[in-house]
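Hi,

Here is the structure I promised to pass on to you. Please have a look at it first, and then read my notes underneath.

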Amino acid sequence: SKIVCTDALKGASPPAEVFRQLEKLKAKDVVCFGHEPQLHLLICEVLHTKVGIEDLKKAGVACLKLERLSPLKGQLLALYPAKTLRLLGK
């Protein structure tokens, strides 16, 4: 499968714009990276919630599975705070 890396979450791109960009990529696996608050907004959009994720801080990782982009449907597969990633790296 093709993996594409994108910095779609940089700046102030709203989640709808990020999903439009992802749809254009037509890739099966995509790695997105970015900063707050865009990450929270994107995750909340996928999960159809307004509740933020407390554990996603600097250097954290969230793994999402997008089943479809229109209408948006997906789930949170894993959430790895920086502390957990440091432990896994040992």
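**Notes on the model**

Glu17 and Arg20 sit 3 residues apart, about one turn of the helix, and both belong to helix H1 (residues 15–25). Please keep in mind as you read on that this is a predicted model.

An α-helix has 3.6 residues a turn, so residues three or four places apart point the same way. In H1, Glu17 and Arg20 do form a salt bridge, with the closest N and O atoms 3.1 Å apart. Glu17 has 25% relative accessibility and therefore counts as partly exposed. Arg20, at 45% relative accessibility, is partly exposed too.

How many salt bridges does a search of the whole structure find? The search gives 2. Besides the pair in H1, there is a salt bridge between the side chains of Lys73 and Glu67, at 3.4 Å from N to O. Lys73 counts as partly exposed because its relative accessibility is 38%, and for Glu67 the value is 38% as well, which again means partly exposed.

**The largest pocket**

Next, the pocket. The largest pocket holds about 880 Å³ of space. Its lining is made up of 34 residues, and those nearest the centre are Val30, Val31, Cys32, Ala62 and Leu64. Two or more lining residues come from each of H1, strand S2 (29–34), helix H2 (38–47) and S3. Which element gives the most to this lining? That is S3, with 9 residues. Sorted by class, the lining of the largest pocket has 21 nonpolar residues, 10 charged ones and 3 polar ones.

**H2 and the residue after it**

H2, one of the elements that line the pocket, is mostly covered, with 7 of its 10 residues buried. The buried residues of H2 are Gln38, Leu39, His40, Leu42, Ile43, Cys44 and Val46.

Just after H2 comes His48, and its backbone deserves a look: phi is positive there, at about 55°. His48 has this positive phi although it is not a glycine. Most residues other than glycine have a negative phi, and most peptide bonds are trans. His48 lies in the loop between H2 and S3. Is His48 buried or exposed? With a relative accessible area of 60%, His48 is exposed, because that is over the 50% cut-off.

**A cis peptide bond**

The other backbone feature to check is the peptide bond between Ser70 and Pro71, which is cis, with omega at about -10°. Pro71 is found in the loop that runs between S3 and strand S4 (72–80).

**A nonpolar patch on the surface**

Finally, the surface. Val61, Leu85 and Leu88 form a nonpolar patch there, and together they have about 240 Å² of accessible area. Val61 belongs to strand S3, which covers residues 61–69. Val61 counts as partly exposed because its relative accessibility is 33%. S3 thus turns up twice in these notes: Val61 of the surface patch is found in this strand, and S3 also gives 9 residues to the lining of the largest pocket.

If you open the model, you could start with the backbone at His48, where phi is about 55°, and at Ser70 and Pro71, where omega is about -10°. After that, you could turn to the pocket and look at the residues nearest its centre, including Cys32 and Leu64.

Happy viewing, and best wishes!

Technical notes
Residues numbered from 1 in each chain as written. Predicted model: local features only at pLDDT ≥ 70, side-chain atom pairs only at ≥ 80, totals over all residues. Heavy atoms only, no water. Salt bridge = Lys/Arg side-chain N within 4 Å of Asp/Glu carboxyl O. Helix = DSSP H or I, 4+ residues; strand = E, 2+ residues; numbered from the N terminus. Buried < 20%, exposed > 50% of the residue type's maximum accessible area, 1.4 Å probe, protein only. Patch = residues over 30% accessible without salt bridge, like charges linked within 9 Å, V, L, I, M, F, W, Y side chains within 5 Å. Areas by Shrake-Rupley, 256 points an atom, 1.4 Å probe, with all protein chains shown as cover. 1 Å grid on protein atoms, 1.4 Å probe; cavity = no way out; pocket = protein on both sides within 12 Å on 5 of 7 lines; lining within 4 Å. Points joined across faces, edges and corners; volume = space filled by probe spheres on them. Nonpolar A, V, L, I, M, F, W, Y, C, P; charged D, E, K, R; others polar.
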